[in-house]
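Got your viewer open? Load the model and follow along, one selection at a time.

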Amino acid sequence: MATASTEIKVTAEIAAEHGLTGEEYARVQKILGRDANITELGIFSVMWSEHCSYKSSKVHLKRLPTRGKVVVQGPGENAGVVDIGDGLVAAFKIESHNHPSFVEPFQGANTGVGGILRDIFTMGARPIAILDSLRFGPITADGFVAPKSYPAAADTATNATAIAANRRILDGVIRGVANYGNCFGVPTVGGEVCFEPCYSQNPLVNALALGIARKEDIFLAKAKGVGNPVIYVGAKTGRDGIHGASLLASAEFTEESQQKRPNVQVGDPFVEKLLLEACLEAMQTGAIVAIQDMGAAGLTCSTTEMASRGGTGIEIDLAKVPQRETGMTPYEIMLSESQERMLLVAQRGRESEVLDVFKKWGLDAVVVGEVKDGGLMRVKDRGRVVAEIPAHPLAEEGPVYQRPLGAPVRRAETAADWFAFGAAGAELTEHFVKLLSAPAIASKRWITEQYDTMVRTNTLAAPGASDAAVVRIKESEKNGVMRALALSTDGNGRWCYLNPRVGAMHAVAEAARNVACSGARPIAATNCLNFGSPEKPEVMWQFSEAIDGLTEACEALGTPITGGNVSFYNETLGSSIYPTPVIGVLGILDDAAKVVKIAVRAAGDVILLLDGGSRQKHSAQEFSSSEYCKTIAGMVGGEPPAMDLGAEKRLIDCMIALAGERAVQSAHDVSDGGLAVTLAESCFAAKNLGVEVTLGSDETGTPAEYALFGERGARAVVSVGPEKVAAVLAITRQCGVAARAIGHVTQNADLRIQYEGSTVVDSAVETLRDVWAHSLERTLRVQ
Amino acid sequence: MKFGVVVFPGSNCDHDAFHAVANVLRQPVEFLWHQSEGLAGCDALILPGGFAHGDYLRTGAIARFSPVMKSVAKFAEAGGPVLGICNGFQILLEAGLLPGAVMRNSGLRYICRYVHIRVEQTETPFTNAAHAGQILKIPIAHNDGCYTLDEEGLAELERNRQILFRYTTADGKNDAAGNPNGSLHNIAGVCNRQRNVAGLMPHPERAVESALDSADGLVILNSMVGALAGAAKA
């Protein structure tokens with residue numbers, strides 16, 4: 001869109017170009033009591049964009065459980081805050097930056113991380129960890145496998161083009177994520193990387209940040225105190241990112257999407273590092289009343305939301321805003337999404353204390369306005385009023401839609417659509433090797449080594465070491481004991497496509513299970529809901545179903561949702577991505593020394609398979625949605641594994657109890673790729689150790705594939721010193737979890753699995769490790 | 001004896017160095033802001049890792065002009081021990097307090113992982129607690145760690161026994177397999193001729209507690225404490 005001066009007369013057509021419908025513009029006129037000028041129209045259009053206003057999701061989000069004993073701050077602020085004991089709180093949130101990461105992968109991912117970090121330190125919390133949940137299109141020719149009902153991938157030539165593009169996007173995103181966290185000085189400790197055809201032209205980049213603060217130091221974004229100065233701090237405002245939230249994040253992609261590159265913001269982690277230190281130092285002066293970062297919708301959103309939450313008005317003068325370019329119009333300044341900027345309200349008369357801190361850090365800090373009564377957001381430019389809008393209606397009285405829901409009409413599947421078997425021993429080993437090399441299963445070391453995973457010297461479990469990322473809290477040290485926080489993000493889009501409600505439950509259950517396997521007690525969650533266009537009834541049905549699934553699972557597992565975001569319009573050329581709710585679960589470990597990792601530790605240790613469930617046998621229908629089925633059989637269908645939340649809860653409680661008693665040497669849940677992959681990963685993480693296990697058909701049913709690669713939840717593998725087996729069994733019994741000794745850790749460094757009396761896998765751990773560890777870099781042909 | 005940790009805008013391992021000295025070595029320590037010229041009476045200085053000035057222009061290229069660097073140079077000239085870690089090493093190279101330069105890693109990517117380094121010299125304030133040839137497991141985390149130097153300079157370095165650490169494999173071979181970033185002759189850390197200024201790309205301050213996988217970095221930091229105690233007695 002051409003940038004405009006304030007003189008342009010606003011018409012319904014211009015409003016439509018801004019993404020506002022006729023009804024929405026009529027509402028604008030009603031609130032103003034007149035026509036909007038172009039700057040005001042710009043302001044309304046970003047504030048009422050799907051991205052900022054949640055107009056399609058609001059009615060559903062209300063159903064999520066958001067309250068709990070530990071919740072200090074639920075959704076609605078910059079980040080959720082939970083009590084972690086001893087006067088400390090944790091602030092955490094996950095957010096998407098999907099569209100920008102497709103258009104410009106490095107900067108899109110870079111500013112995605114920057115944005116979520118700012119949300120955390122805006123609350124007064126120092127960021128201590130980052131996790132990234134990433135989804136890309138296939139990077140190998142055999143990755144284009146989707147359910148029959150999903151709009152099929154085209155021919156191999158098109159796929160080859162897509163593969164090249166997907167690899168380029170992956171590389172840019174990884175570099176972007178790495179660059180920001182590394183330079184800013186916060187460890188990137190976890191996350192996931194998944195591949196599905198639906199993300200080919202619509203990668204998902206969801207970044208989660210965690211911070212900690214003393215409870216009394218938490219800051220909120222409420223402009224209070226008429227006459228208090230409003231201060232702009234940080235980077236100068238430029239023309240980057242204008243309409244990032246409205247035109248980029250709130251519309252689907254078409255063939256012209258590459259032209260949206262100017263809508264992408266540009267990141268500068270160095271400036272953000274200065275901003276972090278300066279903000280935390282300035283907060284210590286006691287002269288700051290409120291603070292809000294300028295992320296989506298920049299100056300517009302920060303002024304409006306601070307005034308609206310504070311029940312006040314705000315007046316700013318754009319001439320005072322530090323600018324990187326000359327000749328910027330009020331429209332451009334208000335809508336710029338230049339990064340690394342903050343708006344704060346200080347106590348009148350104490351401005352200089354605040355300004356001095358920013359000066360020390362070499363940052364711009366300028367009084368640009370003040371808090372007013374009357375509830376108006378008034379924007380002046382060299383004395384002339386260029387926008388005047390009631391703040392509360394602008395922030396809170398935007399359109400809210402109860403969009404139509406429609407379950408997709410799909411042909412009913414029959415047994416013929418499901419996986420049929422017959423692999424023998426040697427073939428199973430071959431399949432197993434192929435599975436270990438599949439991008440979804442293979443080691444992500446090549447990626448995670450590009451992240452600084454250790455800075456701040458708190459990382460107890462770096463990526464892959466434990467089921468969850470674990471960081472200790474030095475500030476909690478008492479008599480030599482420190483607490484630690486564990487975090488895991490999860491979300492299986494394929495399962496959510498097949499059944500959004502059950503798939504969403506799995507996302508919560510797996511994240512919580514991972515946290516528990518590390519020894520921590522899950523206490524709260526954050527969600528990033530990635531979906532297609534809300535204007536499609538099928539997508540809204542998926543969304544509504546997913547919300548119901550999340551609600552049920554979060555309630556059952558005791559993890560209220562404290563924040564997050566919704567990303568709609570993940571569509572390219574008319575086809576929606578799989579519905580992909582990504583859940584981050586936070587857990588607390590009372591004694592950091594009790595962290596549990598996945599590596600087996602000593603030959604002779606007994607391997608137990610724990611199952612919180614009713615030991616229902618796998619079915620062909622469920623198995624058809626597994627990673628094995630996708631990778632080996634080249635098909636996806638059926639249903640996600642049946643969900644038993646009671647079983648998940650029992651297993652979670654059991655894992656926490658086992659860790660608390662230091663009863664286990666290692667723990668690893670059964671998830672993508674099934675039990676065989678779980679066992680292999682526990683060997684790969686160890687040194688010169690193998691395992692030998694014997695499986696039967698009584699738990700999983702026949703054939704052997706179910707036992708080896710079935711992904712039914714509520715299960716974990718633990719290794720236990722022989723002298724502790726009795727103690728472990730006492731705990732599992734008490735928790736109502738079935739435990740069966742399936743084998744032991746061996747010195748000979750072979751991975752050997754027997755099923756119903758015959759050997760189905762027998763391979764040197766080193767051989768398997770080589771395939772698993774180097775698959776990704778070999779695929780991408782990099783050093 | 002007091003340690004000083006210099007803080008540049010963009011330093012991000014300053015708190016880690018501080019923690020290692022204060023809570024693990026249990027020695028007095030203070031932050032020194034880059035704008036200040038005074039060194040607050042510190043007996044040893046650490047230039048920590050990070051991205052001083054965003055690594056803009058070139059790593060360490062802007063930081064070397066900070067006012068504090070004049071005092072650091074004077075302190076070094078007077079024989080005071082100065083240790084540069086990662087970005088701190090890069091700054092000391094730019095400031096001319098140590099010989100050589102670092103370039104972009106040979107793989108052209110940032111690398112963060114544990115590596116092994118071999119102690120080549122033990123007669124320095126930074127390695128006196130090690131035994132010759134000791135292998136230390138210490139992490140690296142950098143974009144620009146490929147150490148380089150001209151032939152003549154290298155010969156001089158060898159002659160004066162200024163190469164303190166080389167990258168090796170876990171079993172001590174300093175071959176290509178043990179070299180994470182393409183550094184010349186696997187050089188991971190060097191000192192000046194007077195042996196009181198040293199720098200290395202690996203992060204000893206990240207390896208001081210076994211809960212974080214390795215405590216091998218203590219060898220280097222304890223050497224400094226030992227040297228200072230020795231100097232105080234003498």
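What follows is a short walk through a predicted model.

**Stop one: a strand in chain B.** Select residues 197-200 of chain B, which make up strand β11. Show the side chains and look at which way they head: Val197(B) and Gly199(B) point one way, while Ala198(B) and Leu200(B) point the other way. Are these residues buried or exposed? All of them are buried.

**Stop two: the parallel neighbour.** Keep β11(B) on screen and add residues 82-85 of chain B, which is strand β4. The two strands run parallel and are joined by 4 bridges. For one pairing to zoom in on, pick Leu83(B), whose bridge partner in β11(B) is Ala198(B).

**Stop three: the antiparallel neighbour.** Now add residues 187-191 of chain B, strand β10. This one pairs with β11(B) in the antiparallel sense, over 3 bridges. Which residue stands opposite Gly199(B)? That's Val190(B). Follow the chain from β10(B) to β11(B) and you trace a hairpin with 5 residues in between. Pause at Arg195(B) in the turn, where phi is positive, at about 70°.

**Stop four: where the chains touch.** Bring chain A into view. The contact takes 22 residues from chain B and 23 residues from chain A. On the chain B side, select α1 (14-24), β6 (111-119) and β7 (135-142), the elements that each give two or more residues. Colour that side by class and you'll get 10 nonpolar, 8 polar and 4 charged residues.

**Last stop: chain A by domain.** Colour 1-56 + 221-401 as domain 1 and 596-783 as domain 2, following the domain assignment. Taken over C-alpha atoms, the centres of these two domains of chain A are 51 Å apart.

Notes: Residues numbered from 1 in each chain as written. Chains lettered and ligands numbered in written order. Predicted model: local features only at pLDDT ≥ 70, side-chain atom pairs only at ≥ 80, totals over all residues. Buried ≥ 20, exposed ≤ 12 C-beta atoms within 10 Å, placed from the backbone. Pairing = 2+ DSSP bridges. Domains from an automatic or database assignment. Contact = placed C-beta atoms within 7 Å. Nonpolar A, V, L, I, M, F, W, Y, C, P; charged D, E, K, R; others polar.
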